[in-house]
Amino acid sequence: MPSATTLQPKLYRNSFDTKMILEHEQEMRVEFRRRGVQLIPDRLPVDKWEWYFPMQHHRAPTRLLDWSDAALVGLHFAVSQRGSNDDKNGNADAAVYMLDPWWLNEQAFREVMPVAETYQSVGPALPDWEEAKPYLPDEFDNEELGLKCPLAIDPSHFSRRIAAQRSRFTIFGRERDGLKAIAKCSDSRLVKFDVKKEAIPDIKRDLRLAGISEETIFPDLEGFGRELSYWFEDKCQEQQNQQKET
């Protein structure tokens, strides 16, 4: 993703103020639930969080950032499109970020304390915790986001895609660059690992050998079709390289 928006949710990559962002987000949440119900491949979501997480997984603008507790899955997302026809980053290096969710939520819970009925500083939040409630108000029940610090939150694995990707999330408050801001702390536990562009082709091959591919991470026909597309692009590149050599 472009450096200007790295570690920034898609919903914040614009010039809207946070009050307007929340208004637009609530409208999209209503539409996603109203019109998306016919398209849900797994069981229907049972609460507002289970409707919100699939929005992020299916590329709707949200205040969520995707994470995974599987290191190779994270590496796959960093390099999978590099060198493909869909690559928007040219020949730039890739990057993988590692975050300690316990450390992040120690900061978040301190901010949540005045508005939460209970306080339990115990690692990544779950959707039914009191600390999570201020981050996702009911649609049109709140005019402005009050919290600044992002929150690390774990979804239930009600979706095959969420389960396959071992998904975790951070949800942002009103601060567009909440992770960048908190990463400036002296005890920051947010780390960036650069992946040199020269190593990406070998890494992609090694990941496939390890069973990490579009087909396994997106267990549906879309993922399978994308896997075949990348396979075909590789074959085309191999043919071009052979023609150059001869």
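This report walks through the enclosed spaces of a predicted model and the helices, strands and loops around them.

## Two closed spaces

Let's start with the holes inside. How many cavities of 30 Å³ or more are there? The count comes to 2. The largest has a volume of about 80 Å³, and the second largest holds about 40 Å³ of space.

## The largest cavity

Which residues make up the wall of the largest cavity? You can pick them out in the structure: His76, Val79, Ser80, Lys204, Leu207, Arg208, Ile212, Ser213, Glu214, Glu227 and Tyr230. Sorted by type, this lining has 4 nonpolar, 3 polar and 4 charged residues.

Three helices each put at least two residues into that wall: H3 (71–79), H7 (200–209) and H9 (221–245). H7 is the top contributor, with 3 residues.

## Lys204, a buried lysine in the wall

Lys204 deserves a look of its own. This residue sits in helix H7 and is one of those lining the largest cavity. Is Lys204 buried or exposed? Its relative accessible area is 15%, so Lys204 counts as buried, the cut-off being under 20%.

What does the side chain of Lys204 reach? It comes to 2.7 Å from the backbone oxygen of Arg82. Setting aside neighbours within four places in sequence, Lys204 is in contact with Val79, Ser80 and Arg82. Val79 and Ser80 also turn up in the lining of the largest cavity.

## Helices H3 and H9

Now for the other two helices at this cavity. In H3, the buried residues are Val73, Leu75, His76, Ala78 and Val79. Among these, His76 and Val79 also line the largest cavity. The cover over the buried part of H3 includes E1, strand E2 (94–99), strand E5 (190–195), H7 and helix H8 (214–217).

Over in H9 you will find Asn241. With 34% relative accessibility, Asn241 is partly exposed, because that class runs between 20% and 50%. Asn241 and Glu215 are 26 residues apart along the chain, and their C-alpha atoms are separated by 26 Å.

## The second largest cavity

The second largest cavity has its own set of residues around it: Arg29, Arg33, Lys48, Trp51, Tyr52, Met55 and Glu139. What types are they? The split is 3 nonpolar, no polar and 4 charged.

Two helices, H1 (18–36) and H2 (48–57), each supply at least two of these lining residues. H2 gives the most, with 4 residues.

## Helix H2, mostly covered

So what does H2 look like beyond the cavity? Of its 10 residues, 9 are buried. They are Trp49, Glu50, Trp51, Tyr52, Phe53, Pro54, Met55, Gln56 and His57. Trp51, Tyr52 and Met55 from this list are also part of the lining of the second largest cavity. What covers the buried residues of H2? The cover includes H1, strand E1 (64–68), strand E3 (151–153), helix H5 (160–164) and strand E4 (167–171).

Both ends of H2 have something to show. At the start, a side-chain oxygen of Asp47 comes within 3.1 Å of the backbone nitrogen of Trp49. Just after the helix, Arg59 has a positive phi of about 75°.

## Strand E4 and its partners

E4, part of the cover over H2, is itself largely enclosed by the rest of the structure, because 4 of its 5 residues are buried. E4 pairs with two strands that also help cover H2. With E1, the pairing is antiparallel over 5 bridges, and Trp67 stands opposite Arg168 in E4. With E3, the pairing is antiparallel too, over 3 bridges. There, Leu151 has Ile171 in E4 as its bridge partner.

## Two arginines with positive phi

Finally, two loop residues to look at. Where is Arg59? Arg59 lies in the loop between H2 and E1. Its phi is near 75°, a positive value in a residue other than glycine. Arg59 has a relative accessible area of 55%, so it counts as exposed, the cut-off being over 50%.

Arg166 is in the loop between H5 and E4. Arg166 has a positive phi of about 50°, although it is not a glycine. At 41% relative accessibility, Arg166 is partly exposed.

Note on methods:
Residues are numbered from 1 along each chain as its sequence is written. This is a predicted model: local features need pLDDT of at least 70, side-chain atom pairs count only at pLDDT 80 or more; totals for chains, interfaces and linings use all residues. Side-chain values use heavy atoms; hydrogens and water are left out. On a 1 Å grid over the protein atoms alone, a cavity is a set of points where a 1.4 Å probe fits but cannot get out, and a pocket is an open set with protein on both sides within 12 Å along at least five of seven lines; lining residues have an atom within 4 Å of a point. Grid points are joined across faces, edges and corners, and a volume is the space filled by probe spheres set on the points. Ala, Val, Leu, Ile, Met, Phe, Trp, Tyr, Cys and Pro count as nonpolar, Asp, Glu, Lys and Arg as charged, and the others, Gly among them, as polar. Buried means under 20% relative accessible area, exposed over 50%, partly exposed in between (1.4 Å probe, protein chains only). Contact means heavy atoms within 4.5 Å. A polar contact is a pair of N or O atoms within 3.5 Å; within protein, one must be able to donate a hydrogen and the other to accept it, and residues adjacent in sequence count only if both atoms are side-chain atoms. Two strands pair if DSSP finds at least two bridges between them.
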